[in-house]
Each structure stands twice: as structure tokens, then as C-alpha cells.
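Me: I'm a first-year student and I'd like a close look at one strand and what sits around it. Could you take me through it slowly, with the terms explained?

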Amino acid sequence: MSSALAEAATSTPELPARRRERGRLLQHSVYLTARSLRTLWRQPTFAAMTLIAPIIWLLLFGQLFRSVVHIPGFSTGSGSYLEFITPGVIVMTALFSSGWAGTVYIDDMNRGVMDRLLASPVRRGAMMIGTLAYQAVTTVVQTLIVFGVAYISGARFRGGVVGIVVTIVATALISVIMASFSNALALLLRQQEALIGVSQFIVLPLQFLSSAIMDTRLSPHWVQHVARYNPVDWAVVASRQALSAGTEWGAVWPRVGFLAALAAAMAWLATRAFRSYQASI
Amino acid sequence: MSDSSSPALSAVDLVKTYPGARGKPRIRALDGLSINVQAGTVFALLGPNGAGKSTAVKILATLSRPDSGHASVAGIDVLRDPNGVRHIIGLVSQKASSDPMATARENLVLAGRIHGMSSSSARARAADLLSRFALDEAAERLAKTFSGGMARKLDVAIGLMHRPQVLFLDEPTTGLDPQARTELWAEIDRLSAHEDVAVLLTTHYLDEADQLADRLAIVDHGRVVVEGTPEQLKAELKGDTVQVELATAEAIPGAMCCCRGLPVCATSPRLVRAFGPVPRVVPARCRPCCPRWKMPTSRCRR
């Protein structure tokens, strides 16, 4: 009668239920990630803007604040302001685009897609991982493009491939953190305008209370203090250190570790927010 | 139930309340709703907006949890094993449930894959459903370009993809033009021939329930008021009705007083109650005969 059930049961009878369940979670996550990437691919204007925005930021900020490196005490790690700001722009880009992550859920709620998925065997975890993985993939592509443009503009990173890989990992993690937050907001607020309002309200202070575009040692003392607990600053500092000549790995690994732990915690909390959504329908 | 096999769908005494406005009591969406649907049959929940039809569907489809009561699908308890239920149901909610940025075929294949179908069997099933719902030519078009009728057919096809034992159709034809409505009716009518599936349908339309349902229940204020086959209920009505909407529930006694002597009121007060503030049964000749009848005489004559 129910061939879907029969198929699932007969194809892997020897696997323990727990492992089969995990395999299905992964499979569903892959389907849903692919769905989002396909949607992005079909909106060329949106895709182009996602890629062009960080380039403009990099060139604009790079020019606008070029002379801040001459302020006594400003530490670029190595070389020009462009090299200083590249990891900052990469992290900012990830923050801004992940802030919108929840809009996918809102669109699905406004149609019946969310209800249909919730009434299907898809786990809430897979619905969460699907959007987070999609966000991480776009972040990686954006990051590579910013690196390319920075290179063409003359920036050189002594940290080499390892530095670039660390930057990509740290940025993907901060984007997962922000996307989880955005997804949770979407499930709690269930309204596009409210979601965008709140997430933009959060993104800007997070960005300016970090060393993304300014060396915090030149900022007021309290900013330095706040920045120490700001995940955006963890990502920027870890990336900048990894990209510089004499990388202090002691400053990189703990921050990447904190980012990974926070990303996992946020994704878990955001998945819990499905309960709040279901209680509301 | 008298037969030993469990019904495809069963709900017993479902109660569900939602928080009311500030300072107001909670809203009772379901107030002891009970239904039984046999395998392979179409069961319609008929009633006005806010009667609790969709709330009942949401509980049975594991989206929402009742405050009290029991529900099961093919013998599986929706509260104790929601995931088990999700494997054997298809949900077509009130809103369009296709992904607008995917083609019809992609929508169907993804729905099948999610239910654990292999890639090849999902493709074969999708092709089969596309031709059955006359969507072959639109198969590679994005769902957002579909007309209302096509989109609704695609929604139903998506719900059927994994051969569910129970299919929920929440107001499937609301907002469709008469032709699209007739086409969709034909498809739903044919379901029982092609698929061994029980269908729970909600609707506002008496004619829709009459056309499609093997059994129907009239729901109001969160409970079943009358239940039976369309023939049984029509036999109670005996003939045609005139529809009139009354502004408030207070007008009901007056309206009933006015139409005293007409066969409907006399033989089936249950039906009048069923529709509460919106009685479909009303006076052909209206005369102000009763002190509780508040309507001004002039309007009444017209």
C-alpha cells in the first residue's frame, strides 16, 4: 500500500534505526540545500547582486578609509588598509546576507510549503541544516570573489592558502550563526518586515563593535571590551591573524572554536523555534 | 466501531483553544469534534469560516496538537507517533503548497524523494501524475507561472506523490473559476479508482460536498452538528432552499418564527442550528408574525 514506506524499510533492513535516521537527516538536508541553490540560480539578478555587493563594499571602504592606517598606533598586521579591511568586508558581507536567511522560511509559510514539509517525514533539523548549508555555500563563493578582487587591487596575504582556508571557515561559521538567528526570528515573528527590521538592527552594531573596519585598539576602551565578546570580532580577528605574515595561532584557534560552538548552539536553538511556529498555527 | 479493522482516520472529542485577544477568554476552535473515515472513502467537513474544519485537519496532519482528545490515522496515534503518521498522509493545505521557483516535475520529484522514494521511481511516479492531471505540457514550467486551477492540480499531485493512505484536501477549490473547479472535482472523483486512499475534504460548498463525498459532516462552533451521506441529509431537507444571511444570531428565532409552516423549518431544525448565525433555510413569504422578529416591516415586505 504505502510503497514509500516499504521501499525505505526493505532497502536498508540491516542498518540500525538510529543510523538510518541520521542518513535520512543528511539526505533531506542535501535535497533542501539543493532546492535553495537552484532557486538562487534562477534569480540571476539577485545572484549577481549578492556577488557584486561585497566587491563594491571592498573598493568603497578601501578608498574611503584609506588614510586611517596613518593614525599612530593603527596596526594593519601587514601592509595597506586594503589588506586590513579585506577580512572585515568578507565577514560583513556574510553577516548581511545571512541576516536575510529567514526570508526563505517566511516565503514558505506564506505559501503552504512550510506546512507541507512539517507534515512530511522531513526532520526539523534537516529543514534548518538545509537553509544554513545554503547560506554557508553562498558565503564561501562570496568570500572567494572578494579575495579575487582584493588580489587584483593589489592586496597580498602572507598567510597564503592556509590563511584563506581559515578565513573561509570562520566566515562560514559566522554566517551560520547569523542565519540561525534570522531563521529563529522568522519562526517566532512570522513576518517579513519584522524579521528584516530586527536583523538589520542587530547587524550594524555587531559590525561596528568589532575590528572589521577599524583597529579597536584606537577605539574607546568599552568598545574594545565589548568586541572581545562579539562573535563578529572573533571571525574578523581569526581571519586577519591567519592571513598575516606572523600568524599567532594562539589567537586563531580559540576564536574558531568559540565560533563553531556558538554556531552549533544557535542552530540547535533555532530548530527549537519550530515548536513556537507550530504552536501558532 | 463495529468492524475490526481500524478506520483510515479517527478523531474522538478533539478540543483545541487558541489565546483570545487581550483580556478575552480563549477561543474554542474545536469543541469535542469526533469523526470516523473509512479507508478508500471521501469524507467532507462542511461548514462556514471559523467552524474548526482547518483546525481539525491540522491536528490530524500532525501540525498542531489538541488540548484534549484522541486522533489516529490508519491506527497510528497522531500524538504518540507523529512521524509514523507523516509517512502515510498527504497534506494539501488551503494555500498553494508548491515551490514557485521549481518546475512542476521538480516539485513532484522532490516530494517523492523526501518520502524516501528512489530517484527512478520518483521520476516514473511524477510522469504518471503529470499526465493524469493533464500537466504534461507544463511539466517543465516554473510553478509560479501556473494558473490557479493548474497550481491546485499540482498541489493535489504533490500530495499524492508518495501514495499516501490518507489525503487531506483543505478547501481545494476555493478561489477557482467554475471550469477549473469542475476539472478538479473530476480528478478527486477519480482518486478512489486510481489510488487506494481515504480523503478528508473541507469545504464551504454544499454542492462540492454533495458531488464528492461518500459521507459528510456539517461542522459549526468546533463540533459536528449533523453527519450522514449526502442522500440522507438531502432527504431531511426535502426540496429546494432559499439562502438568506442574517446579521446576528439573535435574528435566528425571529427568522424561524417567520418561516413557521414551511417544510424545512418544521422537519429539520437540526439543519437550521447547524448553520448557526448563517442559516441557509429561510422564509419564502416573510411576514412579521412574531414579537421577537426585529426586522423592520418595510424591508421584510421587499
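Here is a walk that starts at one strand and moves outward.

Me: What covers the two faces of β7(B), and which residues lie on each side?

Reply: First, some housekeeping. This is a predicted model, where local features need pLDDT of at least 70, side-chain atom pairs count only at pLDDT 80 or more, and totals for chains, interfaces and linings use all residues. Residues are numbered from 1 along each chain as its sequence is written, while chains are lettered from A and ligands numbered from 1 in the order in which they are written.

Now to the strand. Helices (H or I, at least four residues) and strands (E, at least two) are DSSP runs, numbered from the N terminus. A residue is buried if 20 or more other C-beta atoms lie within 10 Å of its own, exposed if 12 or fewer, and partly exposed in between, with C-beta atoms placed from the backbone. Five of the five residues of β7(B) are buried, so this strand is largely enclosed by the rest of the structure. One side of β7(B) holds B:V166, B:F168 and B:D170, the other holds B:L167 and B:L169, and both faces are covered.

Who are the partners? Strands pair if DSSP finds at least two bridges between them. β7(B) pairs in the parallel sense with strand β6 (residues 89-92) of chain B over four bridges, and B:I89 has B:V166 as its bridge partner in β7(B). There is also parallel pairing between β7(B) and strand β8 (residues 198-203) of chain B, this time over five bridges. There, B:L167 stands opposite B:V199 in β8(B).

Let's zoom in on B:F168. Two residues are in contact if their C-beta atoms, placed from the backbone, lie within 7 Å. Leaving aside neighbours within four places in sequence, B:F168 touches B:V57, B:L60, B:A61, B:I89, B:G90, B:L91, B:V92 and B:L200.

That leads to the core. A nonpolar core is a set of buried Ala, Val, Leu, Ile, Met, Phe, Trp, Tyr and Cys residues joined through C-beta atoms within 7 Å. The largest one here has 150 residues, and B:V166 and B:F168 are among those with the most contacts inside it, as are A:I174, B:L60 and B:V199. The element that gives the most to this core is helix α8 (residues 160-189) of chain A, with 15 residues. In soluble globular proteins, nonpolar side chains tend to be buried together.

That helix deserves a quick stop. The 30 residues of α8(A) reach 43 Å from the first C-alpha to the last, close to the 44 Å expected at 1.5 Å a residue (the expected span is 1.5 Å times one less than the number of residues). Of those 30 residues, 22 are buried, so α8(A) is largely enclosed by the rest of the structure. Just after α8(A), A:R190 takes a positive phi of about 60°.

Back to the strand, and what comes after it. B:E171 is in the loop between β7 and α6 of chain B. With 20 C-beta neighbours inside 10 Å, B:E171 counts as buried. Its phi is near 45°, a positive value in a residue other than glycine. Most residues other than glycine have a negative phi, and most peptide bonds are trans. Further on, B:T174 sits in the loop between β7 (166-170) and α6 (178-194) of chain B. B:T174 counts as partly exposed because 15 C-beta neighbours lie inside 10 Å.

Chain B has another sheet worth a look. This open sheet has four strands in the order β2-β1-β4-β5 (chain B), with antiparallel pairing. Its edge strands are β2 (27-37) and β5 (76-77) of chain B, each pairing on one side only. β1(B) and β2(B) share eight antiparallel bridges, and B:T17 has B:R28 as its bridge partner in β2(B). Five bridges join strand β1 (residues 9-18) of chain B to strand β4 (residues 68-73) of chain B, again antiparallel. Along that pairing, B:S10 stands opposite B:S72 in β4(B), and B:V15 has B:S68 as its bridge partner.

Finally, the wider setting. Chain B has twelve helices and ten strands, and buried residues make up 45% of its 302 residues. Between the chains, 25 residues of chain A are in contact with 30 residues of chain B.
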